[in-house]
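Trainee: Could you pick one small part of this and go through it closely with me? I'd like to see how it sits among its surroundings.

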Amino acid sequence: MNFIKSGNSQKEASKVFEINKMTIKRWHLRYKSKEHFRPKIRLSAKPIIEKESFIQFPMKIRRYCS
């Protein structure tokens, strides 16, 4: 969200972070309405991405997630 708040578009964020533009849009809408973009809590669902995989995400993504 820092990338978008700094004046960049959702389309640019989609290209930079290589994330589908609809995902960016959903995250941004959730951020604007609830002031966070954490996923909804699903009691019976397992996480799609493992914690170790997330830790190894490219640095260009993590530097905007602070």
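Mentor: Let's start with S14. Leaving out residues up to four places away in sequence, S14 touches I19, N20, K21 and I24, where a contact means heavy atoms within 4.5 Å. Before going on, keep in mind that this is a predicted model, in which local features need pLDDT of at least 70 and side-chain atom pairs count only at pLDDT 80 or more, while totals for chains, interfaces and linings use all residues. Residues are numbered from 1 along each chain as its sequence is written, and side-chain values use heavy atoms, with hydrogens and water left out.

So where does S14 sit? It belongs to helix 2. Helices here are DSSP runs of H or I with at least four residues, strands are runs of E with at least two, and both are numbered from the N terminus. S14 counts as buried because its relative accessibility is 15%. The cut-offs are these: buried is under 20% relative accessible area, exposed is over 50%, and partly exposed is in between, using a 1.4 Å probe and protein chains only.

S14 has company in helix 2, where A13, S14 and F17 are buried. They lie on the same side of helix 2, because they cover an arc of only 105° around the axis; that arc is taken from the directions from the helix axis to the C-beta atoms. Here's the rule of thumb behind this: an α-helix has 3.6 residues a turn, so residues three or four places apart point the same way. Now look at the face of helix 2 turned away from the buried side, and you'll find the exposed residues K11 and K15.

Next, the partner. Two packed helices are described by the angle between their axes and the distance between the axes. Helix 2 (residues 10-17) and helix 3 (residues 21-34) have axes that come within 9 Å and cross at roughly 120°. The axes are lines fitted to C-alpha atoms, for helices over the stretch in contact, and angles run from 0 to 180 degrees between N-to-C directions. Helix 2 and helix 3 are therefore oblique to each other: under 35 degrees would be roughly parallel, over 145 roughly antiparallel, 65 to 115 roughly perpendicular, and the rest is oblique. Helix 2 contributes Q10, A13 and S14 to the contact, and helix 3 contributes K21, I24, K25 and H28. Sorted by type, these contact residues give 2 nonpolar, 3 polar and 2 charged. For that sorting, Ala, Val, Leu, Ile, Met, Phe, Trp, Tyr, Cys and Pro are nonpolar, Asp, Glu, Lys and Arg are charged, and the others, Gly among them, are polar.

H28 deserves a stop of its own. It is in helix 3 and is buried, with a relative accessible area of 15%. Not counting neighbours within four places in sequence, H28 is in contact with M1, I4 and Q10. H28 and M1 are 27 residues apart along the chain, yet their C-alpha atoms are separated by 6.9 Å.

What about the stretch that links the two helices? E18 follows helix 2 and lies in the loop between helix 2 and helix 3. Most residues other than glycine have a negative phi. E18 is not a glycine, but its phi is positive, about 55°. E18 is also exposed, at 66% relative accessible area.

On the other side of helix 2, S9 is in the loop between helix 1 (2-5) and helix 2. S9 is partly exposed, at 32% relative accessibility, and beyond its neighbours within four places it is in contact with F3 and I4.

Finally, zoom out: the protein has 5 helices and 0 strands, and buried residues make up 15% of its 66 residues.
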